[in-house]
Amino acid sequence: MPTKLYANIHQNFDNSGSVSLFIFGEPGETVEIRSQSGFSASGIISEDGSVSIGIPQSLAMSGTGINDQGLQITSDADVSAYISNRQPQTTDLSIVFDETSLGDRYVIASAADAISDGGQF
């Protein structure tokens, strides 16, 4: 079953660490990763059922507003994924959502001035 996953990366402290996208599925399946900002990558799921793709820190979102830094992960097979944004003493980990689980109505709560500009939720 074809899969479309969507993700974004939030800025983590000073963006000096590394961001990895971990994708899981059947060995040999190909995955494509793209953003509207021009980033693209691909990978093949290895014999252990996973592939790790490095994501540039420049795609980390901060602040509020609309941007083109979100990621779309596609595969002709059933895959799942999560993102790790690692830095010393602080690591962010996010589950990646598939298109079928996303609706079209959202509430985003953000504490103003709690984290620099309150752009994270």
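**Exercise 1. Find out how β3 and β6 are joined, and place them in their sheet.**

Step 1: Start with the pair itself. β3 and β6 run antiparallel and are joined by six bridges. Strands here are DSSP runs of E with at least two residues, numbered from the N terminus, and two strands count as paired if DSSP finds at least two bridges between them.

Step 2: Pick out one bridge. Isoleucine 23 has valine 51 in β6 as its bridge partner.

Step 3: Now zoom out. The open sheet has four strands, ordered β6-β3-β9-β10, with antiparallel pairing. Its edges are β6 and β10 (90-95), each pairing on one side only. On average, neighbouring strands of this sheet are turned by 20° against each other, direction ignored; the axes behind that value are lines fitted to C-alpha atoms, with angles running from 0 to 180 degrees between N-to-C directions.

A quick note before going on: this is a predicted model, where local features need pLDDT of at least 70 and side-chain atom pairs count only at pLDDT 80 or more, while totals for chains, interfaces and linings use all residues. Residues are numbered from 1 along each chain as its sequence is written, and side-chain values use heavy atoms, leaving out hydrogens and water.

**Exercise 2. Work out which strands stand at the edges of the five-strand sheet, and why one side of each has no neighbour.**

Step 1: Write down the order. This open sheet reads β5-β4-β8-β1-β11, and the pairing is antiparallel.

Step 2: Look at the ends. β5 and β11 (97-98) each have a single partner strand, so one side of each is left without a neighbour in the sheet.

Step 3: Follow β5 to its partner. β4 and β5 (residues 40-44) pair antiparallel over five bridges. Threonine 30 sits opposite isoleucine 44 in β5, and isoleucine 33 is opposite alanine 41.

Step 4: Check the turn. Five residues lie between the strands of this hairpin, and glycine 38 takes a positive phi near 110° there.

**Exercise 3. Track down the residues that touch the most other members of the largest nonpolar core.**

Step 1: Know the rule. A nonpolar core is a set of buried Ala, Val, Leu, Ile, Met, Phe, Trp, Tyr and Cys residues joined through side-chain atoms within 4.5 Å; buried means under 20% relative accessible area, with a 1.4 Å probe and protein chains only.

Step 2: Read off the names. Of the 21 residues in this core, they are Leu21, Ile23, Ile33, Ile55, Leu71 and Ile73.

Step 3: See where the core comes from. The elements giving two or more residues include β3 (18-24), β4 (30-34) and β6 (50-55).

Note on methods. Buried < 20%, exposed > 50% of the residue type's maximum accessible area, 1.4 Å probe, protein only.
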